[in-house]
Amino acid sequence: MKMTNGSISCEVSAASDVIFVSYVPCNYDKNTVFYAARRFFARCGKLRRECTCESRRIRLDKRGKGKIPFCYLIPAVLMELPGEWARVTGVVSAEGVELQKVELFPNHPGMLLR
């Protein structure tokens with residue numbers, strides 16, 4: 001899935017060894033969940049702007065091999081997924097955004113520690 005911010009664009013993809021963890025009842029398969037996450041990244045203005053700019057910066061770097069890890073905690077309803085919160089983990093590289101893990105939570109993950 002292509003993500004564009006102005007004249008800058010990059011790819012949003014799922015890693016080959018993606019991990020999906022759900023702490024809530026979820027009838028979706030892993031591919032559906034990662035499609036929802038990729039679509040959210042491509043449509044969310046702030047994430048699209050940050051990730052495309054970071055990917056471009058890495059491409060323009062002389063080495064061009066850097067990877068910047070990220071972890072976002074997002075209300076699951078914004079991705080049209082079950083549960084209250086979704087934690088999306090991945091890396092931004094010269095190729096674009098690579099999603100590595102999506103976790104669905106019934107409550108805020110900080111509440112699970114109690």
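These are notes on a predicted model, taken element by element.

1. Helix 1. This helix covers residues 30–43, 14 residues in total. From first C-alpha to last, helix 1 reaches 20 Å, close to the 20 Å expected at 1.5 Å a residue. Its buried residues are V33, F34, A36, A37, F40, F41 and A42. An α-helix has 3.6 residues a turn, so residues three or four places apart point the same way. The partners of the buried residues of helix 1 are spread over several elements: strand 1 (2–5), strand 2 (8–22), helix 2 (45–60), strand 3 (68–75), strand 4 (85–92) and strand 5 (96–105).

2. The nonpolar core. The largest nonpolar core has 26 residues, and the members that touch the most others are F41, M79, V88, V97 and L99. At least two residues of this core come from each of strand 2, helix 1, helix 2, strand 3, strand 4 and strand 5. Helix 1 gives the largest share, 6 residues. F41 appears both among the buried residues of helix 1 and among the core members with the most contacts to other members.

3. V97. This residue is one of the core members that touch the most others. Neighbours within four places in sequence aside, V97 is in contact with M3, E11, V12, S13, F41, C51, F70, V91 and V92. F41, one of these contacts, is itself listed with V97 among the members touching the most others.

4. The largest pocket. Its space is about 150 Å³. The lining consists of Y28, T32, Y35, A36, R39, F40, R43, C44, L78, M79, E80 and L81. By class, 8 of the lining residues are nonpolar, 1 is polar and 3 are charged. Two of the lining residues, A36 and F40, are also among the buried residues of helix 1. M79 lines the pocket and is also one of the core members that touch the most others.

5. E80. This pocket-lining residue sits in the loop between strand 3 and strand 4. Is E80 buried or exposed? Its relative accessible area is 59%, so E80 is exposed. The backbone deserves a look here: phi of E80 is near 60°, a positive value in a residue other than glycine.

6. G83. The loop between strand 3 and strand 4 also holds G83. Because its relative accessibility is 32%, G83 counts as partly exposed. Setting aside residues within four places in sequence, G83 is in contact with V24, A76 and F105. G83 and P25 are 58 residues apart in sequence, while their C-alpha atoms are 8.0 Å apart in space.

7. L73 and R87. L73 belongs to strand 3 and R87 to strand 4. L73 counts as partly exposed because its relative accessibility is 34%. R87 has a relative accessible area of 26%, so R87 is partly exposed as well. Apart from neighbours within four places in sequence, L73 is in contact with W85, A86, R87, H108 and P109. On the same terms, R87 is in contact with C71, Y72, L73, K101, V102, E103, F105 and P109. L73 and R87 are thus in contact with each other, and P109 is found on the contact list of L73 and on that of R87. The C-alpha atoms of R87 and Y72 are separated by 5.6 Å, with their positions 15 residues apart along the chain counted as the separation. For L73 and R39, 34 residues apart in sequence, the C-alpha to C-alpha distance is 16 Å.

8. S55 and L60. Helix 2 contains S55 and L60. Which of the two counts as buried? S55 does, because its relative accessibility is 0%. L60, at 60% relative accessibility, counts as exposed. With residues up to four places away in sequence left out, S55 touches C10, V92, S93, A94, E95 and G96. L60 and V18 are 42 residues apart in sequence and, C-alpha to C-alpha, 28 Å apart in space.

Methods
Residues numbered from 1 in each chain as written. Predicted model: local features only at pLDDT ≥ 70, side-chain atom pairs only at ≥ 80, totals over all residues. Heavy atoms only, no water. 1 Å grid on protein atoms, 1.4 Å probe; cavity = no way out; pocket = protein on both sides within 12 Å on 5 of 7 lines; lining within 4 Å. Points joined across faces, edges and corners; volume = space filled by probe spheres on them. Nonpolar A, V, L, I, M, F, W, Y, C, P; charged D, E, K, R; others polar. Helix = DSSP H or I, 4+ residues; strand = E, 2+ residues; numbered from the N terminus. Expected span 1.5 Å × (residues − 1). Buried < 20%, exposed > 50% of the residue type's maximum accessible area, 1.4 Å probe, protein only. Contact = heavy atoms within 4.5 Å. Core = buried A, V, L, I, M, F, W, Y, C linked by side-chain atoms within 4.5 Å.
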